[in-house]
Amino acid sequence: VQLQASGGGLVQAGGSLRLSCAASGIMFSIHVMGWYRQAPGKQRELVATITGGGSTNYADSVKGRFSISRDNVKNTVYLQMNSLKPEDTAVYYCKAALWSREYWGQGTQVTVSS
């Protein structure tokens, strides 16, 4: 199983980034896919999740600014991040989950400058 996250970088406050996470080795369409983030000195936290059928869930801190989507043909999940704030700075990880099994990607750094 491999989850390859990409798309992070340095952006000014108010800017946008789009993260991608390509999955292999799993039946992608039946997994719940999620984005999580971990800022320095803080615990990893949920950003957004999406089920195989497209139902989504967001952390309150990103509602209205971030959008999660998936392409079950390309086995890829996306996180569109708009109106970025300095407090969004973190390493962003993607996760695939099915029942009790979880798989994590390697993370991609997002830095938002003020």
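**Exercise 1.** In this predicted model, find the strand that holds Thr-49, then decide whether Thr-49 is buried or exposed.

*Solution.* Start with the strand: Thr-49 belongs to S5, which spans residues 45-50. Next, take its relative accessibility, 17%. Buried means under 20%, so Thr-49 counts as buried. Finally, look at its surroundings: setting aside neighbours within four places in sequence, Thr-49 touches Val-32, Met-33, Gly-34, Tyr-36, Ser-55, Thr-56, Asn-57 and Ile-68.

**Exercise 2.** Work out how many aromatic pairs there are, and classify the one formed by Tyr-36 and Trp-104.

*Solution.* The count is two aromatic pairs. For Tyr-36 and Trp-104, the ring centres are 5.0 Å apart and the planes meet at 65 degrees; angles over 60 count as edge-to-face, so that is the class of this pair. Now place the partners: Tyr-36 is in strand S4 (residues 32-38) and Trp-104 in strand S10 (residues 101-104), so 68 residues separate them and the pair links distant parts of the chain. As for accessibility, Tyr-36 is buried at 15%, while Trp-104 is partly exposed at 35%.

**Exercise 3.** Classify the pair of Tyr-93 and Trp-104, then name the cluster that the ring pairs build.

*Solution.* Here the centres lie 6.5 Å apart with planes at 85 degrees, so this pair is edge-to-face. Tyr-93 sits in strand S9 (residues 90-98) and Trp-104 in S10, so the pair ties together parts eleven residues apart in sequence. Tyr-93 is buried, at 15% relative accessible area. Put together, ring pairs join Tyr-36, Tyr-93 and Trp-104 into a cluster.

**Exercise 4.** Which ring lies under the charged end of Arg-44?

*Solution.* Follow the charged end of Arg-44: it sits over the ring of Trp-104, 4.6 Å from the centre.

Key
Residues numbered from 1 in each chain as written. Predicted model: local features only at pLDDT ≥ 70, side-chain atom pairs only at ≥ 80, totals over all residues. Heavy atoms only, no water. Helix = DSSP H or I, 4+ residues; strand = E, 2+ residues; numbered from the N terminus. Buried < 20%, exposed > 50% of the residue type's maximum accessible area, 1.4 Å probe, protein only. Contact = heavy atoms within 4.5 Å. Phe/Tyr/Trp six-rings, centres within 6.5 Å; stacked < 30°, edge-to-face > 60°. Lys NZ or Arg CZ within 6 Å of the ring centre and 35° of its normal.
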